Amino acid sequence: MLKRLAHVTMYVHDCEDALRFYTEKLGFEKRMDSRMDDGSRWLTVGLPGQQIEIVLHDPTHWHREEVAQEMLRQVGKNPMWVWETDDFGSTYEALRQRGVKFVSEPNEMMYGMEAVFEDLYGNRFLLLQPVIL
């Protein structure tokens, strides 16, 4: 049986740029950084205290040219992920101060406070402080 979700993959054009964004702007930690002889790289980040890791994947070294190009066309097109916080105001301001681009203003909804932001490739994420019932 399935045990847990361990990794999700984010296609990127540049691993170093992506690593800086996720660690310096969003506060993730680098978990794994292994380089292979062929130039490929297994690079993961995760939030402190959580097991799930995001694979920052530049497919140009891992796959045949036509497969890599198809994957690169998907950069910036991930489905929206929801990141929860227990202090919306402080988290929102901290991310803005670090240069994170918000594409919507904070909005109070029946399920909590939310605002949408983007990563450096245009992937959209929802910052959410859910209502505690």
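**Exercise 1. Is Arg35 buried, partly exposed or exposed, and what is its relative accessible area?**

Solution. The model is predicted: local features need pLDDT of at least 70 and side-chain atom pairs count only at pLDDT 80 or more, whereas totals for chains, interfaces and linings use all residues. Residues are numbered from 1 along each chain as its sequence is written, and side-chain values use heavy atoms, with hydrogens and water left out.

Step 1. Set the classes: buried means under 20% relative accessible area, exposed means over 50%, and partly exposed lies in between, with a 1.4 Å probe and protein chains only.

Step 2. Arg35 has a relative accessible area of 58%, so Arg35 is exposed.

Step 3. For the protein as a whole, buried residues make up 37% of the 133 residues.

**Exercise 2. Describe the order of the secondary-structure elements and the extent of the model.**

Solution.

Step 1. Helices (H or I, at least four residues) and strands (E, at least two) are DSSP runs, numbered from the N terminus.

Step 2. The protein has three helices and nine strands. Read from the N terminus, the order is β-α-β-β-β-α-β-α-β-β-β-β.

Step 3. Along the principal axes, the C-alpha atoms fill a box of roughly 50 × 35 × 25 Å.

**Exercise 3. Analyse the salt bridges that involve Arg35, Arg20 and Glu70.**

Solution.

Step 1. Side chains of opposite charge can pair when their charged atoms come close. The criterion for a salt bridge is a side-chain nitrogen of Lys or Arg within 4 Å of a carboxyl oxygen of Asp or Glu. The structure holds eleven salt bridges.

Step 2. Arg35 pairs with Glu16, and their closest N and O atoms are 3.6 Å apart. This pair links distant parts of the chain, for Arg35 belongs to strand β2 (residues 29-35) and Glu16 to helix α1 (residues 15-25), 19 residues apart. Glu16 is partly exposed, at a relative accessible area of 32%.

Step 3. A network of salt bridges links Glu16, Lys30, Asp33, Arg35 and Arg41.

Step 4. Arg20 and Asp17 form a salt bridge with an N to O distance of 2.4 Å. Both residues lie in helix α1, three residues apart, about one turn of the helix. Arg20 is partly exposed at 38% relative accessibility, and Asp17 is partly exposed at 32%.

Step 5. Glu70 and Arg73 form a salt bridge whose closest N and O atoms are 2.9 Å apart. Glu70 is partly exposed, with a relative accessible area of 40%; Arg73 is partly exposed, with 48%.

**Exercise 4. Characterise the largest pocket and the largest cavity.**

Solution.

Step 1. Rolling a probe the size of a water molecule over the atoms shows where empty space is left. On a 1 Å grid over the protein atoms alone, a cavity is a set of points where a 1.4 Å probe fits but cannot get out; a pocket is an open set with protein on both sides within 12 Å along at least five of seven lines; lining residues have an atom within 4 Å of a point. Grid points are joined across faces, edges and corners, and a volume is the space filled by probe spheres set on the points.

Step 2. The volume of the largest pocket is about 220 Å³. Its lining includes Leu26, Phe28, Leu47, Trp83, Glu84 and Arg98. β5 (81-84) and α3 (88-97) each supply at least two lining residues, and α3 gives the most, with three.

Step 3. For the class count, Ala, Val, Leu, Ile, Met, Phe, Trp, Tyr, Cys and Pro are nonpolar, Asp, Glu, Lys and Arg are charged, and the others, Gly among them, are polar. The pocket lining then divides into eight nonpolar, two polar and two charged residues.

Step 4. The search of the whole structure yields one cavity of 30 Å³ or more. The largest cavity has a volume of about 30 Å³, and Phe28, Leu47 and Trp83 are among the residues that line this cavity. β3 and β4 (53-57) each contribute at least two residues to the cavity lining, which comprises six nonpolar, two polar and one charged residues.

**Exercise 5. Locate Asp87 relative to Arg20.**

Solution.

Step 1. Asp87 lies in the loop between β5 and α3. At 36% relative accessibility, Asp87 is partly exposed.

Step 2. Asp87 and Arg20 are separated by 67 residues in sequence and by 24 Å in space, C-alpha to C-alpha.
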